[in-house]
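Please open the model in your viewer and keep the sequence panel beside it, since each stop on this tour asks you to select something and then look around it.

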Amino acid sequence: MPTVTKQRTAAKITTRCVRFLVPMSTCIMETVYVILWAPPLAGGSIDCIVGPWGAWTECSSLCGIGSRDRGRQVTIPPRNGGTPCPDLKQRRGCYGHNPDRCHSVKEVAKILPDSYKRNFKDPWKRPHMMAKEQKPSYCAYFRMKEVSASCRLGLWTSHLFREKYVCTECQGEAMGSRDRCEGDGMEGTRTFWTATSIPGCQGSWVRESLRGNCRCSPQSLIFV
């Protein structure tokens, strides 16, 4: 089958004076041409033509390693064996650093089973300390990602394993100055925890959701 190529034609646009030579007042002329591609012959090939790259997206991670993406659109698709389209998407690495979020990511949660309830009545507490206990609890739901071998040695930690879905309650007395528990993590980001009563029992998890004014069901966990 014979190869059909596109025809190139040159079209004269204009002739203009670029500058004068002094004192002779001779004008240096310049002729501008543009190269035009004529329409392909019947049955000829058409190469793919794409538009410019779009802007890079925001880093996918607010804290830590993530990625940015950008794309471009096909202006004219290839036909009849023309040159195929180049890549339409690009991705590159990035490192997100949101001060408010990164502070939470670096914290390590200290956890205990809910049998260690913190809302007991202590007669020695002063009224302003008792008021702190009235803050409503909230629930953080995590998916376990890593559990160390030492966790098998504890009665309650032996029930922790990879991909287990756990509810960890932040009770009023465990809250810090920002009305949250240390180590409650960030949604969709891997953070770390340690079992306070079992030496060497530690691991990582990913927070899937957070619910305010909530109490976890029995046999759950609490923040310390």
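What follows is a walk through the chain, stop by stop.

**The whole chain**

Bear in mind from the start that this is a predicted model. Colour the chain by secondary structure, and you should find 2 helices and 12 strands, which run from the N terminus in the order β-β-β-β-β-β-α-β-α-β-β-β-β-β. If you then colour by accessibility, 30% of the 224 residues count as buried. Among the contacts between residues at least 6 apart in sequence, 68% join residues that are at least 24 apart, and several of the stops below show pairs of residues that are separated along the chain.

**The aromatic rings**

How many aromatic pairs does a search of the whole structure find? The search finds 4 of them. Select Phe142 and Phe223 to see one pair, whose ring centres are 6.4 Å apart and whose planes stand at 70 degrees; as this angle is over 60 degrees, the pair is edge-to-face. Phe142 belongs to strand E8 (residues 138–147) and Phe223 to strand E12 (residues 221–223), so this pair ties together parts that are 81 residues apart in sequence. Phe142 is buried, with a relative accessible area of 0%, and Phe223, at 1%, counts as buried too.

Next, add Trp193 and Trp205 to the selection: their ring centres lie 6.3 Å apart with the planes at 45 degrees, so this pair is tilted. Trp193 is in strand E10 (residues 190–195) and Trp205 in strand E11 (residues 202–211), and the pair therefore ties together parts that are 12 residues apart in sequence. Both of these tryptophans are buried. With the four residues shown together, you are looking at a cluster in which ring pairs link Phe142, Trp193, Trp205 and Phe223.

**Around the cluster: Ala140, Tyr165 and Thr191**

Stay in strand E8 and select Ala140, which counts as buried at 0% relative accessibility. Not counting residues up to four places away in sequence, Ala140 touches Val166, Cys167, Thr168, Arg207, Ser209, Leu210 and Phe223, the last of which you have already met in the ring cluster. A C-alpha to C-alpha distance from Ala140 to Cys170 comes to 7.6 Å, although 30 residues separate the two in sequence.

Now move to Tyr165 in strand E9; is this residue buried, partly exposed or exposed? Tyr165 is partly exposed, with a relative accessible area of 40%. Beyond its neighbours within four places in sequence, Tyr165 is in contact with Tyr141, Phe142, Arg143, Glu208 and Ser209. The C-alpha atoms of Tyr165 and Tyr141 are separated by 7.1 Å, while the two residues are 24 apart along the chain.

From there, go to Thr191 in strand E10, which counts as buried at 1% relative accessibility. Leaving aside neighbours within four places in sequence, the contacts of Thr191 are Val105, Gly185, Met186, Gly203, Ser204 and Trp205, and Trp205 is again a member of the ring cluster.

**The largest pocket**

Switch on a surface and centre the view on Lys164, Pro218, Gln219, Ser220 and Leu221, which, of the 18 residues lining the largest pocket, are the closest to its centre. The space in this pocket is about 310 Å³. Which strand gives the largest share of the lining? That share, 3 residues, comes from strand E9 (residues 165–170). Coloured by residue type, the lining divides into 10 nonpolar, 5 polar and 3 charged residues.

**A charge over a ring**

Select Arg92 together with Trp56, and you will see that Arg92 lies over the face of Trp56, at 4.1 Å from the ring centre.

**Two loop residues with positive phi**

Most residues other than glycine have a negative phi, and the last two stops depart from that. Asn80 has a positive phi of about 55 degrees although it is not a glycine, and it sits in the loop between strand E5 (74–76) and strand E6 (89–97). Asn80 is exposed, with a relative accessible area of 55%. Asp179 likewise has a positive phi of about 55 degrees without being a glycine; Asp179 is placed in the loop between E9 and E10 and, at 43% relative accessibility, counts as partly exposed.

Note on methods: Residues are numbered from 1 along each chain as its sequence is written. This is a predicted model: local features need pLDDT of at least 70, side-chain atom pairs count only at pLDDT 80 or more; totals for chains, interfaces and linings use all residues. Side-chain values use heavy atoms; hydrogens and water are left out. Rings of Phe, Tyr and Trp (its six-membered ring) pair if their centres lie within 6.5 Å; planes under 30 degrees apart count as stacked, over 60 as edge-to-face and the rest as tilted. Helices (H or I, at least four residues) and strands (E, at least two) are DSSP runs, numbered from the N terminus. Buried means under 20% relative accessible area, exposed over 50%, partly exposed in between (1.4 Å probe, protein chains only). A charge sits over a ring if NZ of Lys or CZ of Arg is within 6 Å of the ring centre and within 35 degrees of the ring normal. Contact means heavy atoms within 4.5 Å. On a 1 Å grid over the protein atoms alone, a cavity is a set of points where a 1.4 Å probe fits but cannot get out, and a pocket is an open set with protein on both sides within 12 Å along at least five of seven lines; lining residues have an atom within 4 Å of a point. Grid points are joined across faces, edges and corners, and a volume is the space filled by probe spheres set on the points. Ala, Val, Leu, Ile, Met, Phe, Trp, Tyr, Cys and Pro count as nonpolar, Asp, Glu, Lys and Arg as charged, and the others, Gly among them, as polar.
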